[in-house]
Each structure stands twice: as C-alpha cells, then as structure tokens.
Amino acid sequence: MVGLLALLVAIVVFTSAHWGLHPPSRVETIDSTSLHAGGEFSEANLGTMIAPDGSAVVRIVAQQYAFVPDCLVVPAGVPVTMRLASADAVHGFLVQDTNVNAMVVPGYVTTVRTMFKDSREHLMPCHEFCGVGHQAMWAHLRVVEREKFPFDEAREKAVSCARH
Ligand code: CUA
C-alpha cells in the first residue's frame, strides 16, 4: 500500500516536472484587456489571411459568448495556423470531427497548426464552461476547395463568412 502510494506520488511529481519543462502551447503572452485597441487581434485582422509562404493563418477572438468571427473559411489541403486570444474568461476551442482541441486562456495566445483535407463544414463549439451564455457560444468552420478560396483577397486582408 505504501509502495503504491509512493509510486503514485512519483508519477505526479514526474509528470508535473515534465510539463513544467515542456509548457503546452502557453508560452506566448498577450494583454487580453486591450485586444480591440489594436495589434494582431484587432477586428480588421480577425479571420483568415494567406501568409507569404502560402499557408493560412486564422485569427479568432473568443469572448463571452461568441467567437469572432463566428464563421471561418479556410482552403482544403493547405497548412493552417489557428491563433486565438480570449478577451475575458477561459474558453474551449474545438473543431468537431478533427483533432483540433485547445483551451483559450486570458493572457495567452493559443496556437494550433493543422490541415483540413476535405471540403465540408465543421461546428466549432466552446467546450469550457465560461458563464451563463456558454451553451450558445459556437462558430462554424467552412473548409472549401482550393479553387473556391479567395487567395488573392486573403493575401491583402482577413476573410471570413461571418454574418454582418
Ligand atoms: Cu466560451 Cu464556453
């Protein structure tokens, strides 16, 4: 019994030390109280842009109780970097039917790199309880064929399919 207890404690110590040495994607900090004041997560930058290397960068703000923009569009078969910041509480970020799943913690930028193979629509619910409106907090992610994605426009400005 004592041996088992010692083993469990050892596991806890080892895993916390391990994660302490390898922080999980929480290394980039940001001032969550001034997202709208300018910078990377200002409103004009939210949505999908095509980087000089041809990959897509999606910027999203998670706030009570919506993702901004609430409809995202990305090209299929292209590397995608998703960058999220929270304006208030801890939110959860999940793209259904994919392995994209992360927390969005105030003060940090959440970065997820992925690629979507097939053109289809995914639901993107908040999966971390963030207050009374949590149930209504979700967005759409639309993966479209490369030919249907406005690459030229997205090199100049952020694009999305959000309702205005
Ligand atoms: Cu945001 Cu739950």
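The exercises below, each with a worked solution, concern a predicted model.

**Exercise 1. Salt bridges that share a network**

Find which residues are linked with Arg-83 in a network of salt bridges, and state where each of them lies and whether it is buried or exposed.

*Solution.* Begin with the rule that a side-chain nitrogen of Lys or Arg must lie within 4 Å of a carboxyl oxygen of Asp or Glu, by which the structure has six salt bridges. One of them joins the side chains of Arg-83 and Glu-28, with a distance of 2.7 Å from N to O. Because Arg-83 belongs to strand β5 whereas Glu-28 sits in the loop between α1 and β1, this pair ties together parts that are 55 residues apart in sequence. Next, consider the accessibility of the two partners: Arg-83 counts as buried because its relative accessibility is 12%, while Glu-28, with a relative accessible area of 35%, is partly exposed.

Turn then to Arg-59 and Glu-40, which form a salt bridge whose closest N and O atoms are 2.6 Å apart. Here too distant parts of the chain are linked, since Arg-59 is in strand β2 and Glu-40 in the loop between α1 and β1, 19 residues apart. Arg-59 is buried at 17% relative accessibility, and Glu-40 is partly exposed at 27%. The last step is to join the pairs: Glu-28, Glu-40, Arg-59 and Arg-83 are linked in a network of salt bridges.

**Exercise 2. A salt bridge between two strands**

Determine which strands are tied together by the pair Glu-121 and Arg-142.

*Solution.* The side chains of Glu-121 and Arg-142 meet in a salt bridge at 3.1 Å, N to O. Glu-121 lies in strand β9 (residues 120–125) and Arg-142 in strand β10, so the pair ties together parts that are 21 residues apart in sequence. As to exposure, Glu-121 has a relative accessible area of 34% and is therefore partly exposed, and Arg-142, at 35% relative accessibility, likewise counts as partly exposed.

**Exercise 3. The nonpolar interior**

Identify which residues of the largest nonpolar core touch the most other members, and which elements supply the core.

*Solution.* The largest nonpolar core has 33 residues, of which Phe-67, Met-82, Phe-93 and Phe-116 touch the most other members. At least two residues of this core come from each of β2 (56–63), β4 (71–75), β5 (79–86), β7 (101–104), β10 (138–144) and α2. For a closer view, take Phe-93: leaving aside neighbours within four places in sequence, its contacts include Met-82, Leu-84, Val-100, Val-112 and Met-124, and also Asn-101 and His-127. A second, separate core of six residues includes Leu-35, Val-61, Ala-85 and Val-109.

**Exercise 4. Helix α2 and its surroundings**

Establish whether Ala-154 is buried or exposed, and which residues it touches.

*Solution.* Ala-154 is in helix α2 (residues 151–156), and it counts as buried because its relative accessibility is 0%. Not counting residues up to four places away in sequence, Ala-154 touches Thr-48, Met-49, Ile-50, Phe-149 and Val-159. Gly-47 is 107 residues from Ala-154 in sequence, yet their C-alpha atoms are 9.2 Å apart in space. Finally, a search of the whole structure finds one aromatic pair, formed edge-to-face by Phe-149 and Phe-151, with 5.0 Å centre to centre and 70 degrees between the planes. Both Phe-149 and Phe-151 are buried.

Definitions and conventions:
Residues are numbered from 1 along each chain as its sequence is written. This is a predicted model: local features need pLDDT of at least 70, side-chain atom pairs count only at pLDDT 80 or more; totals for chains, interfaces and linings use all residues. Side-chain values use heavy atoms; hydrogens and water are left out. Rings of Phe, Tyr and Trp (its six-membered ring) pair if their centres lie within 6.5 Å; planes under 30 degrees apart count as stacked, over 60 as edge-to-face and the rest as tilted. Buried means under 20% relative accessible area, exposed over 50%, partly exposed in between (1.4 Å probe, protein chains only). Helices (H or I, at least four residues) and strands (E, at least two) are DSSP runs, numbered from the N terminus. Contact means heavy atoms within 4.5 Å. A nonpolar core is a set of buried Ala, Val, Leu, Ile, Met, Phe, Trp, Tyr and Cys residues joined through side-chain atoms within 4.5 Å.
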